[in-house]
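Work through the exercises below with the sequence and the structure at hand. Each task is followed by a solution in steps.

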Amino acid sequence: MKRIDAHHHFWHYKRELFPWITPERMVVGRDFLPREFKALIDENKIAGSVVIQNFRTLAETDWLFECAQINAWIKGVVAWFPLSEPGIEKIIESYLEKPALVGAREILQLPEASDLFSSSDFHKGLEVLAKHGLVYDLLIGHWQFEESIQLVDTHPDLKIVLSHLGKPPIADGNLKQWRSNFREIAKRPNVVCKLSGLPLEAKIPGWTYIDLKPCIELALEVFGPDRLLFGSDWPPCLMATSYARWIWVVERALSKLSEDEQLAIWSGTASRIYGFD
C-alpha cells in the first residue's frame with residue numbers, strides 16, 4: 001500500500017534560529033537533512049513526502065526547492081511566501097515553474113503571525129493562492145479555531161489543510177471545546193485534515209495509544225478517509241515519539257477500515273489535494 005508522509009521538515013540547526021529548542025528538547029537540536037530522512041522513510045516503506053517550511057524567509061523556500069530538485073521522492077513543497085506584501089502575486093508567479101510547489105504556510109500560532117487573521121493584505125495573498133490552485137496549510141493552536149473558521153469561510157475556493165487536528169489539548173484532558181470547534185471546521189468542504197502531530201500534544205513522556213485514540217476517532221468520523229492524510233511531523237515528533245511508533249499508532253487506528261479507506265489516508269488524499277502522482 002503506497003504511503004506518503006505529507007508533513008515533515010528539514011533544517012540546519014543554529015541555536016539563535018530555534019528559541020523553542022530548550023535544553024529538555026535538545027533531541028532535535030541538530031541538523032535534519034534529506035539524506036537522513038530518506039533512510040528513515042525507506043526503512044518504514046514510505047514512498048514519498050511533502051516537506052513543510054519552518055521560517056518566514058524566501059531563502060529557506062529556495063533551499064527546500066533545491067532539496068526537492070535533487071530528491072525526486074520529495075513530491076511537494078509547502079513553502080513560505082510573504083502573503084501580505086502588495087507584490088505577492090508576482091512573487092508566487094516566479095515560483096510556479098517549480099514542479100514541487102504545492103502550497104504555502106504561515107505558523108499562525110506564533111504571536112508575530114497571529115494578527116494575520118485580520119489582515120486584509122494577508123487575505124489578498126490567500127486569494128492569490130486560490131487563483132493559482134495552490135493549497136494553504138493551516139497551522140493553528142486549538143484556541144484559534146474561531147478565527148480559523150472565519151478564514152475558511154472567507155475563502156471557500158481555497159484548498160485548506162488543517163495541520164495536527166488543530167492541536168487538541170490532549171495533555172490537559174479537556175477536549176470539549178476542541179471537539180465542538182473541530183466538528184464545526186470539518187463542515188467546510190474545502191478543508192481536509194492532517195493526521196499528524198498528536199504525540200506532541202499528549203503527556204510527554206508517558207503518552208499511550210489510548211490518549212490519542214479519541215482524537216483520531218473523531219477525525220475519522222467528521223472528516224472521513226477521503227479528507228484525511230498522514231503526516232509524521234518529523235523531526236519535531238522526536239520530542240515525543242519515534243517515527244516508527246507514530247506509524248504504528250496510525251496503523252492501529254486505521255486497522256478496521258477497508259483497504260481503499262486506508263489507502264486514502266496513507267496517500268490518496270495527499271496526492272489529490274496537493275496535486276501529484
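**Exercise 1. Describe how helix 5 and helix 6 pack against each other.**

Step 1. In this predicted model, helix 5 covers residues 145-154 and helix 6 covers residues 176-186. Their axes are 10 Å apart and meet at an angle of about 5 degrees.

Step 2. Angles under 35 degrees count as roughly parallel. Helix 5 is therefore roughly parallel to helix 6.

Step 3. From helix 5, the contact is made by Phe-145, Ser-148, Ile-149 and Val-152. Helix 6 contributes Trp-178, Asn-181, Phe-182, Glu-184 and Ile-185.

Step 4. Sorted by kind, the residues of this contact are six nonpolar, two polar and one charged.

**Exercise 2. Find which parts of the chain the salt bridge between Asp-137 and Lys-194 ties together, and state whether each residue is buried or exposed.**

Step 1. The closest N and O atoms of Asp-137 and Lys-194 are 2.6 Å apart. A salt bridge requires such atoms within 4 Å, and this pair forms one.

Step 2. Asp-137 lies in strand 5 (residues 135-139), while Lys-194 lies in strand 7 (residues 191-195). The pair therefore ties together parts that are 57 residues apart in sequence.

Step 3. Buried means under 20% relative accessible area. Asp-137 has a relative accessible area of 0% and is buried. Lys-194, at 0% relative accessibility, also counts as buried.

**Exercise 3. Describe the surroundings of strand 7.**

Step 1. Strand 7 is mostly covered, with five of its five residues buried.

Step 2. Val-191, Cys-193 and Leu-195 point one way from the strand, and Val-192 and Lys-194 point the other way. All of these residues are buried.

Step 3. Strand 6 (residues 159-162) runs parallel to strand 7, and three bridges join the two. Opposite Cys-193 of strand 7 stands Leu-162.

**Exercise 4. Take the salt bridge between Arg-183 and Glu-221 and compare the exposure of its two residues.**

Step 1. Arg-183 and Glu-221 form a salt bridge in which the closest N and O atoms are 2.9 Å apart.

Step 2. Arg-183 is in helix 6 and Glu-221 is in helix 8 (residues 209-222), so the pair ties together parts that are 38 residues apart in sequence.

Step 3. Exposed means over 50% relative accessible area, and partly exposed covers the range between buried and exposed. Arg-183, at 37%, counts as partly exposed, whereas Glu-221, at 52%, is exposed.

**Exercise 5. Which residues are linked with Glu-184 in a network of salt bridges?**

Step 1. The count for the model comes to 11 salt bridges. Among them is the one between Glu-184 and Arg-188, whose closest N and O atoms are 2.6 Å apart.

Step 2. Glu-184 is linked with Asp-153, Lys-187 and Arg-188 in a network of salt bridges. Glu-184 is also one of the helix 6 residues that make the contact with helix 5.

Step 3. Glu-184 has a relative accessible area of 27% and is partly exposed. Arg-188 counts as buried at 15%, and Lys-187 counts as exposed at 59%.

Step 4. Lys-187 lies in the loop between helix 6 and strand 7. Its C-alpha is 8.3 Å from that of Phe-223, and the two residues are 36 residues apart in sequence.

Notes. Residues numbered from 1 in each chain as written. Predicted model: local features only at pLDDT ≥ 70, side-chain atom pairs only at ≥ 80, totals over all residues. Heavy atoms only, no water. Axes fitted to C-alpha atoms, helices over the stretch in contact; angles between N-to-C directions. Helix = DSSP H or I, 4+ residues; strand = E, 2+ residues; numbered from the N terminus. Parallel < 35°, antiparallel > 145°, perpendicular 65-115°, else oblique. Contact = heavy atoms within 4.5 Å. Nonpolar A, V, L, I, M, F, W, Y, C, P; charged D, E, K, R; others polar. Salt bridge = Lys/Arg side-chain N within 4 Å of Asp/Glu carboxyl O. Buried < 20%, exposed > 50% of the residue type's maximum accessible area, 1.4 Å probe, protein only. Pairing = 2+ DSSP bridges.
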